[in-house]
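User: I would like a close look at a single part of this protein, with the terms explained as they come up.
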Amino acid sequence: MIFFDLNRGEWNWDIVAIRNVENSDSVIDFLVSSQHRLSESAQHILQLAACIGATFDLKTLSIIREASMETTASELYMAIKANMVIPLNENYKYVGVAFNEKSDDNEDSDDTNSNLLNPTYKFQHDRVQQAPIP
């Protein structure tokens with residue numbers, strides 16, 4: 001309903017959607033109702049994260065997603081920007097950046113790097129975790 005348009009660099013809103021919203025004093029209700037605005041991949045990643053629990057880590061989520069940690073983090077980033085998921089530490093910013101140089105001598109470097117850089121997250125609220133996402 002209310003969103004920041006990155007391409008135009010300004011806030012925008014959908015006045016029709018705002019008028020059609022039932023009156024609610026709860027910010028959580030607003031947050032939950034806006035989940036449908038996320039991309040399909042972000043909605044899917046939230047569904048998978050919800051199955052893990054209120055707190056989850058990137059490595060587990062990427063295993064369930066059957067994708068790399070970098071891909072999973074990219075899909076999760078939209079939910080972070082929408083304040084639906086909160087990183088519990090700052091290392092989420094470095095996934096895909098911190099260990100780009102692979103050693104040819106060490107075949108297990110990917111496993112070691114994943115263990116060193118495994119951000120944890122939590123849902124903003126239990127209702128965000130429980131919200132059905134179509």
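Leaving aside its neighbours within four places in sequence, which residues is Thr-72 in contact with?

Analyst: This is a predicted model, in which local features need pLDDT (the predictor's confidence in each residue, from 0 to 100) of at least 70 and side-chain atom pairs count only at pLDDT 80 or more, whereas totals for chains, interfaces and linings use all residues. Residues are numbered from 1 along each chain as its sequence is written, and side-chain values use heavy atoms, with hydrogens and water left out.

Thr-72 belongs to helix H5, residues 69-81, where a helix is a DSSP run of H or I with at least four residues, numbered from the N terminus. Setting aside neighbours within four places in sequence, Thr-72 is in contact with Ile-45, Leu-58, Leu-61, Ser-62, Arg-65 and Ala-67, contact meaning heavy atoms within 4.5 Å. Thr-72 counts as buried because its relative accessibility is 0%, the cut-offs being under 20% relative accessible area for buried, over 50% for exposed and partly exposed in between, with a 1.4 Å probe and protein chains only. The side chain of Thr-72 also reaches the backbone oxygen of Ser-68, at 2.9 Å.

As for confidence, the mean pLDDT of the protein is 78, and 73% of its residues reach 70 or more. Among the elements, helix H4 (residues 58-65) has the highest mean pLDDT, 96, and helix H6 (residues 109-116) the lowest, 52. Over residues 98-112 the pLDDT is below 50, and this stretch has 6 contacts in the model beyond near neighbours in sequence. Where pLDDT is low, the predicted coordinates should not be read in detail.

Definitions and conventions
Helix = DSSP H or I, 4+ residues; strand = E, 2+ residues; numbered from the N terminus. Polar contact = N/O pair within 3.5 Å; in protein donor to acceptor, adjacent residues only side chain to side chain.
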